[in-house]
Amino acid sequence: MNTPTGTTRLLWLGLGALLLVTLATWLAARSAPAARTERLHCALPAQPANAPHPGMVWVPAGSFEMGDTVYAEEQPRRAVSVEGFWMDRTEVSNAEFARFVAATGHVTTAEREVDAATHPGLPPELRRPGAVVFISPAKVQGRDDANQWWRYVAGASWRHPGGPGTDIKGRDSFPVVAISHADVQAYARWKGRQLPTEAQWEWAARGARAAPMPAHEQPREANTWQGPFPVLNSGEDGFIGLAPVGCYAPNALGLYDLIGNVWELTADPYTTATGQARQRVIKGGSFLCAPNYCMRYRAGARQPQDEDLAASHLGFRTILLAPGP
Ligand SMILES: [Ca+2]
């Protein structure tokens, strides 16, 4: 019978140790929770060095049939014309809004007590500074009562989008949320810009395309909701919640995320037959739009939004009226 030589013994001992280390590493990897990797930034293509308005793209003039036919508020379709304008190629990010706040000391609506004069009779808990936050429930009784997934959270604001205990650290590239109409008007003024009208926004979202929009399907290149809203978002599009700006393919003009991610405030009042006051038109749908609940991931879709109610799915972008390239 062969006996191992000293060298062979050492080799076997070495191999045994290696096996033990490999086994220990494998067991540790199995028992550790899977690391959640969230994309915090999506790279945008560089613009030409001589771009006249960095971060903006030109939207040419045109005429089109505004509106759509899916929901009542989109109708009737009507002919409109818009002049050319420059538009932010992404939603305004936390980093951009932070620069505005640092420069101006602006305190957002959500960070202040609710104005009792404009909201008489509001219970004390709803008068505290805060914003409306989407919280996915485990189950719902029908989908008529949105209070099942929307909560007014005291302390929620653009700095704390989910309420106290949340923040925007590391989330510079995410769209700013929980802003009011007054906040975005102040931002636009500070930048020497303005908010798009509904017609300007819709024309941009169509990629300056006058032909009828062909599809009502859920778009692939947009952050929306996959699965049964509001209980399960499968995240097939890469994100369960908000996405950093510019993660999906741009439209024909080079504009990102007009559809999906956050709803976007426009300059236009939302008027109805009963003349409800203090509401603005919002456009584009958000990461919460799903085929079973809110098919508003379309250029022609629209919703009303209370001017002074901040929400965790609401953001904006600006335009600039200046000569074209
Ligand atoms: Ca959007």
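Two strands count as paired if DSSP finds at least two bridges between them. That cut-off is used in the exercises below, which concern a predicted model.

**Exercise 1. Find how many helices and strands the chain has, and how far the model can be trusted along its length.**

Step 1. The chain holds 5 helices and 11 strands, and of its 325 residues, 36% are buried.

Step 2. The mean pLDDT of the chain is 90, and 88% of its residues reach 70 or more. Over residues 28-35, however, the pLDDT is below 50, and this stretch has 0 contacts in the model beyond near neighbours in sequence.

Step 3. Where pLDDT is low, the predicted coordinates should not be read in detail.

Step 4. Among the contacts in the chain with a separation of 6 or more, 70% are between residues 24 or more positions apart.

**Exercise 2. Work out the strand order of the open sheet that contains β4, and trace its bridges.**

Step 1. The sheet is made of 3 strands in the order β1-β4-β11, with antiparallel pairing. The edge strands, each pairing on one side only, are β1 and β11, the latter covering residues 319-320.

Step 2. On one side, β1 and β4 run antiparallel and are joined by 4 bridges; V59 has F85 in β4 as its bridge partner.

Step 3. On the other pairing, β4 and β11 are antiparallel over 2 bridges, a number that meets the cut-off of at least two. The bridge partner of W86 in β11 is L320, while M87 has I319 in β11 as its partner.

Step 4. Now consider the two faces of β4. In a regular strand the side chains alternate between the two faces of the sheet. In β4, F85 and M87 lie on one side and W86 and D88 on the other, and all of them are buried, which leaves both faces covered.

**Exercise 3. Identify which residues of the largest nonpolar core touch the most other members, and which elements contribute to that core.**

Step 1. In soluble globular proteins, nonpolar side chains tend to be buried together.

Step 2. The largest nonpolar core here has 60 residues, and those touching the most other members are M87, A131, A178, I179, A204 and L314. The elements that give two or more residues to this core include β4 (85-88), β5 (130-134), α4 (181-191) and α5 (198-205). The largest share, 4 residues, comes from α5.

Step 3. Take A178 as an example: leaving aside its neighbours within four places in sequence, A178 is in contact with nine-part company that includes A110, A131, W158, P161 and S312.

**Exercise 4. Decide whether W150 and T104 are buried, partly exposed or exposed, and find a residue distant in sequence for each.**

Step 1. W150 lies in strand β6, residues 150-154. Because 17 other C-beta atoms are within 10 Å of its own, W150 is partly exposed.

Step 2. Leaving aside neighbours within four places in sequence, W150 is in contact with V132 and F134. W150 and S312 are 162 residues apart in sequence, yet their C-alpha atoms are 9.4 Å apart in space.

Step 3. T104 is found in helix α2, residues 94-104. T104 is exposed, because 12 other C-beta atoms lie within 10 Å, and 12 or fewer is the cut-off for that class.

Step 4. T104 and W190 are 86 residues apart along the chain, and their C-alpha atoms are separated by 8.3 Å.

Key:
Residues numbered from 1 in each chain as written. Predicted model: local features only at pLDDT ≥ 70, side-chain atom pairs only at ≥ 80, totals over all residues. Core = buried A, V, L, I, M, F, W, Y, C linked by C-beta atoms within 7 Å. Buried ≥ 20, exposed ≤ 12 C-beta atoms within 10 Å, placed from the backbone. Contact = placed C-beta atoms within 7 Å. pLDDT = per-residue confidence, 0-100.
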